[in-house]
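Colleague: I am new to reading structures, and I would like some practice. Could we go through one together?

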Amino acid sequence: MSEYTVVPFGPQHPVLPEPIHLDLVLDDEKVVEAIPRIGFVHRGLEKLVEKKDFLDFVYVAERICGICSFIHGLSYCIAVEEIMKIDVPPRAQYLRTIWSELSRIHSHLLWLGLFADAFGFESLFMNCWKLREQILDIIEETTGGRVIFGSAKVGGVRKDISREKLSEIVAKLEAYRKEIKGITDIFMRDASVKHRLVGVGVLSKEDAYKLGAVGPTARGSGLAVDMRRLGYAAYGKINFQPVVENAGDSYSRCKVRIRELFQSVDIIKQCAAQIEEGPIEVKVTGLPQGEFFCRTEQPRGEVVYYAKADGTKFLKRLRVRTPTFANLAAMLKMLQGCQLADVPVLILTIDPCISCSER
Amino acid sequence: MSFFSMAKTVLLSLFRKPSTRRYPFVVRPFFKNTRGKVDIEIIKCIFCGICQKKCPTSAINVFKVEKKWEIDRLRCISCGLCVESCPKKCLSLNNQYPASMTERAKEVFPDA
Amino acid sequence: MNQEQKIINITPGQLTEKVRELSDQQFRLVQINCTKLDAGFELNYSFDKELELVNLRLSLSDFDAVIPSVSGIYLAAFLYENETADLFGAKFQGIAVDFKGNFYNTHIKHPFNPDGPAAPEVK
């Protein structure tokens with residue numbers, strides 16, 4: 001009869017920058033079971049909706065998370081606009097798509113850097129973040145902020161991008177393609193990296209579906225689940241396919257995110273070619289009444305915004321279900337049977353954003 | 001499968017100049033659109049109070065009687081709503097970040 | 001944007017049976033949401049299959065009603081049910097991993113439902 005030890009993998013850990021607590025039940029060096037605890041950064045932002053005007057709440061929604069901030073603001077705006085039946089002008093839709101894709105590129109580059117840091121490859125980490133700086137410069141030139149964009153607004157967008165600026169952005173991104181490829185090739189081909197990733201943390205296709213995995217976690221196991229196919233913002237007019245890999249281990253989840261990087265550069269190119277002149281916002285009058293479920297695709301997966309309004313200027317209920325919350329159950333399944341040293345690497349493959357999931 | 005793929009980058013970096021800026025000798029230039037701090041031309045202000053109503057964090061206080069306009073820099077999130085809604089266009093968003101403070105004081109602009 | 005929203009109202013007795021039906025048709029669980037109404041509350045279970053969203057809605061008039069848990073069918077539901085129990089004070093029966101009120105350790109118990117069931121003293 002083997003003896004089990006329980007190791008607390010606490011909210012403060014030198015390897016993992018996320019405040020999640022796991023109680024790992026170990027049999028020698030192998031993990032038998034993991035029990036999660038979250039709630040260390042719970043701010044109660046859903047309750048704040050009772051005090052802030054529904055138009056001003058965009059600023060709070062954007063600050064739920066630092067990395068996926070624009071898409072939070074965008075989903076809130078879409079939820080309120082669908083309740084009030086507002087038609088956003090096409091130029092604003094294209095601009096929103098361009099900023100969403102820039103947000104996705106910077107988030108995936110950030111993740112690649114943290115992932116390399118988790119298995120000890122610091123120089124690769126620094127190089128990924130060096131590339132990310134150049135994307136943040138593009139974002140700051142167009143919106144004014146490096147991480148918190150401040151450009152989503154109910155009824156449109158707040159700032160415009162001129163035609164010359166758009167062609168400049170597309171040219172810069174094409175030039176970065178070669179540098180990004182040089183760095184991502186190291187993830188895909190280097191022998192020491194592959195030793196840590198291939199065959200580790202396998203999640204089968206049925207398990208991923210049953211446990212409700214979303215985003216690259218699900219797409220790495222063969223499920224083609226991508227909310228951008230719903231056609232919100234300008235995605236209905238862009239030609240793209242969800243990126244799917246079939247092996248279900250950490251290597252395929254990493255490959256999905258790398259391929260999505262190049263797909264985002266393509267999508268921005270298509271948007272810049274199709275965008276037309278026009279107004280960027282529409283005036284909002286009246287108060288919202290009704291409810292709506294809005295689903296969009298963040299870099300980490302599917303986010304659901306449920307807004308319910310009853311005719312006053314404060315919303316009655318706002319519920320945010322973030323992708324990390326949905327991936328937690330799948331992560332617990334992945335951890336069963338792995339070695340103790342692989343635990344931080346596996347937690348990072350779902351791209352945890354605990355500050356989002358606890359609002 | 002490749003081995004030592006990072007070795008080339010690491011060795012070349014011995015001979016290239018550093019990738020980081022040598023602050024404070026080299027300062028990063030801000031962009032034109034950067035949202036820094038809010039500035040006011042107090043001469044043009046009519047103390048209507050619209051900026052106070054629009055501010056999402058209640059960082060601005062307008063005193064109509066004493067003709068004073070004050071802002072709490074630590075609460076301001078540089079969103080720019082006050083700049084857009086001022087009827088006299090006396091507010092503007094400077095692209096330098098506000099200086100650090102040692103105590104929580106509000107910045108007051110009296111109409112002298 | 002063409003997001004279909006289907007909402008089906010059910011009673012607590014029909015919950016397990018309806019959820020099992022949806023599970024047999026290969027729907028996946030998206031979220032479980034609780035909204036506090038003026039009198040009582042309503043629970044909303046969302047399911048999705050190939051971009052189509054179906055919602056099951058339960059309306060209950062008081063917080064003491066015990067709701068059967070669906071974590072036997074969808075294991076991921078235990079996270080949502082623990083969160084609802086901690087924030088609103090709703091009572092679930094048979095959750096797969098039950099934290100018994102310790103999932104989110106907030107200073108005030110049931111913060112989203114201030115005039116709900118009286119909370120035990122938190123030291």
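Here are a few questions and answers on this predicted model.

Colleague: Which strands are the edge strands of the open sheet β1-β2-β3 in chain A?

Modeller: Good place to begin! Strands of a sheet pair through backbone hydrogen bonds, either parallel or antiparallel. In this open sheet the order is β1-β2-β3 of chain A, and the pairing is antiparallel. An edge strand pairs on one side only, and that picks out β1 (5-9) and β3 (30-37) of chain A.

Colleague: Which residue of β3(A) stands opposite A:Leu22?

Modeller: Start from strand β2 of chain A, residues 21-27, which pairs with β3(A) in the antiparallel sense over seven bridges. Look across to β3(A) from A:Leu22, and you meet A:Pro36.

Colleague: Are helices α4(A) and α5(A) roughly parallel or antiparallel to each other?

Modeller: Let's use the angle. Helix α4 (residues 122-143) and helix α5 (residues 163-189) of chain A pack at about 170°, with their axes 11 Å apart. Angles over 145 degrees count as roughly antiparallel. The two helices, α4(A) and α5(A), are therefore roughly antiparallel.

Colleague: How many residues in the contact of α4(A) with α5(A) are nonpolar?

Modeller: Among the residues that meet are A:Leu131 and A:Ile138 in α4(A), and A:Ile180 and A:Lys172 in α5(A). By class, three are polar and three charged, and the nonpolar ones number nine.

Colleague: How many residues of chain A that touch chain C are charged?

Modeller: Here 24 residues of chain A are in contact with 22 residues of chain C. The elements giving two or more residues to this side of chain A include β6 (289-298) and α10 (323-335). The side has 11 nonpolar and five polar residues, and the charged ones number eight.

How values were computed:
Residues are numbered from 1 along each chain as its sequence is written. Chains are lettered from A and ligands numbered from 1 in the order in which they are written. This is a predicted model: local features need pLDDT of at least 70, side-chain atom pairs count only at pLDDT 80 or more; totals for chains, interfaces and linings use all residues. Two residues are in contact if their C-beta atoms, placed from the backbone, lie within 7 Å. Helices (H or I, at least four residues) and strands (E, at least two) are DSSP runs, numbered from the N terminus. Ala, Val, Leu, Ile, Met, Phe, Trp, Tyr, Cys and Pro count as nonpolar, Asp, Glu, Lys and Arg as charged, and the others, Gly among them, as polar. Two strands pair if DSSP finds at least two bridges between them. Axes are lines fitted to C-alpha atoms, for helices over the stretch in contact, and angles run from 0 to 180 degrees between N-to-C directions. Angles under 35 degrees count as roughly parallel, over 145 as roughly antiparallel, 65 to 115 as roughly perpendicular and the rest as oblique.
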